[in-house]
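Me: I have a protein with a ligand on my screen and would like to talk through the site. Could you walk me through it?
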Amino acid sequence: MQVPAVFQYRRATSVEDALSLLAEYGPESRIVAGGHSLLPMMKLRLAHPEALVDINDLTELAGVRVEGDALVIGAMTRHAALLTAPEAGAHFPILHDAERVIADPIVRNRGTVGGSLCQADPSEDLSAVFAALRASLVIHGPEGARTVPARDFFLGPYETVVGQRELLVEIHVPVRPSTSAYVKVDRRAGDWAVGAAGAVLTIVDETVAEAGIGLTALGAPRFVAEEAEEFLAGGPPTDARFVEAGRIAADHCEPVADQRGPADYKRHLAGELVTRALRRAVGRV
Ligand SMILES: Cc1cc2nc3c(=O)[nH]c(=O)nc-3n(C[C@H](O)[C@H](O)[C@H](O)COP(=O)(O)OP(=O)(O)OC[C@H]3O[C@@H](n4cnc5c(N)ncnc54)[C@H](O)[C@@H]3O)c2cc1C
């Protein structure tokens, strides 16, 4: 039986309380949200925090709403809640596409949007989605609040800009006219991605005004296929250009071979999935 090492456990009553508990317990304390990534790592002794600060009582951090010109998603919003939030699907169908293929109902009922982003697993679907959406992440800490673009949030595998004494509080997605989609290849339903791609397009007068392309588990820097985005912007949204954008994305990513497949297969997948995501997004216009 896998058992985690001994740890202290405290339940935060507010954002301020969570921050003061992180300060009190010091560098070896960790936030626990859904616990679906952290607890398995603790059981395997890959993580051994001395104290867990539980933020599950912070209901003020759960929920999806439109505020001004942004879709605001609380860090404690469960995957299942994002999947059924009408505001999310109405503005950004990519969010529902992605949530539909994240794990299974048991994980989705417990795992949180903030936990997914802070975990920064290269296979985490929402990292690529929020990077493609050009979202901003609101982080609270001892010095107050700061906002970081999703594209600057990830420092590398399992590493983000969130400091040990900080808490991710909200995700803001600027609401604008757009169409979007997410497509994923997994070995079995509910499995982590072999590879996945998300596309967000703003089309004005038959021209792509802005393109966002995210890649999951395919070795794209910061989860983004930037060269493909630059290629698409300013041109017509044609199928030939979508195929070319896929080729460019495949050329610029660096997938690694693992139990889910060899690198050349994943590179092929990157191209194919980018093209499919773009086609699906445009098919929704
Ligand atoms: C069987 C299984 C299958 C899965 N399949 C997929 C999948 O297909 N696709 C996918 O994307 N994910 C998948 N997941 C992961 C799932 O989405 C988790 O919910 C997610 O990785 C972590 O969310 P959590 O709320 O459980 O975070 P936790 O495990 O509680 O925390 C994860 C990390 O984030 C930190 N953290 C959490 N919240 C905050 C915060 N607000 N501020 C600062 N730090 C914070 C914690 O300290 C910890 O380091 C799967 C998980 C399981 C168990």
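Reply: Happy to! One definition to start: Ala, Val, Leu, Ile, Met, Phe, Trp, Tyr, Cys and Pro count as nonpolar, Asp, Glu, Lys and Arg as charged, and the others, Gly among them, as polar. Keep in mind that this is a predicted model.

Me: How do the residues of the shell around the ligand divide into nonpolar, polar and charged?
Reply: The shell has 28 residues, and Ile31, Ser37, Thr112, Glu124 and Asp125 come nearest to the ligand. Sorted by the classes above, the shell residues come to 13 nonpolar, 10 polar and five charged.

Me: Which element gives the largest share of the shell around the ligand?
Reply: The ligand takes up the space of the largest pocket. Two or more shell residues come from each of β2 (29-32), α7 (113-119) and β10 (167-174). The largest share is four residues, and the element giving them is α7.

Me: How much of the ligand's accessible area does the protein cover?
Reply: Let's begin with the polar contacts, where N or O atoms pair within 3.5 Å. Ligand oxygen atoms lie 2.8 Å from a polar backbone atom of Gly34 and 2.6 Å from a polar side-chain atom of Glu124. On its own the ligand has 970 Å² of accessible area, and the share covered by the protein is 90%.

Me: What is the radius of gyration of the protein?
Reply: The protein is built with 12 helices and 13 strands. For 285 residues the globule rule gives 19 Å, and the protein's own value is close to that, so it is as compact as a globular protein of that length. Its radius of gyration is 19 Å.

Conventions. Residues are numbered from 1 along each chain as its sequence is written. This is a predicted model: local features need pLDDT of at least 70, side-chain atom pairs count only at pLDDT 80 or more; totals for chains, interfaces and linings use all residues. Side-chain values use heavy atoms; hydrogens and water are left out. A residue is near a molecule or strand if one of its heavy atoms lies within 4 Å of it. A polar contact is a pair of N or O atoms within 3.5 Å; within protein, one must be able to donate a hydrogen and the other to accept it, and residues adjacent in sequence count only if both atoms are side-chain atoms. Accessible areas come from the Shrake-Rupley method with a 1.4 Å probe; for residues, only the protein chains shown count as cover. On a 1 Å grid over the protein atoms alone, a cavity is a set of points where a 1.4 Å probe fits but cannot get out, and a pocket is an open set with protein on both sides within 12 Å along at least five of seven lines; lining residues have an atom within 4 Å of a point. A molecule sits in a cavity or pocket if more than half of its atoms lie within 2 Å of its grid points. The radius of gyration is taken over C-alpha atoms; the globule rule is 2.2 Å times the number of residues to the power 0.38.
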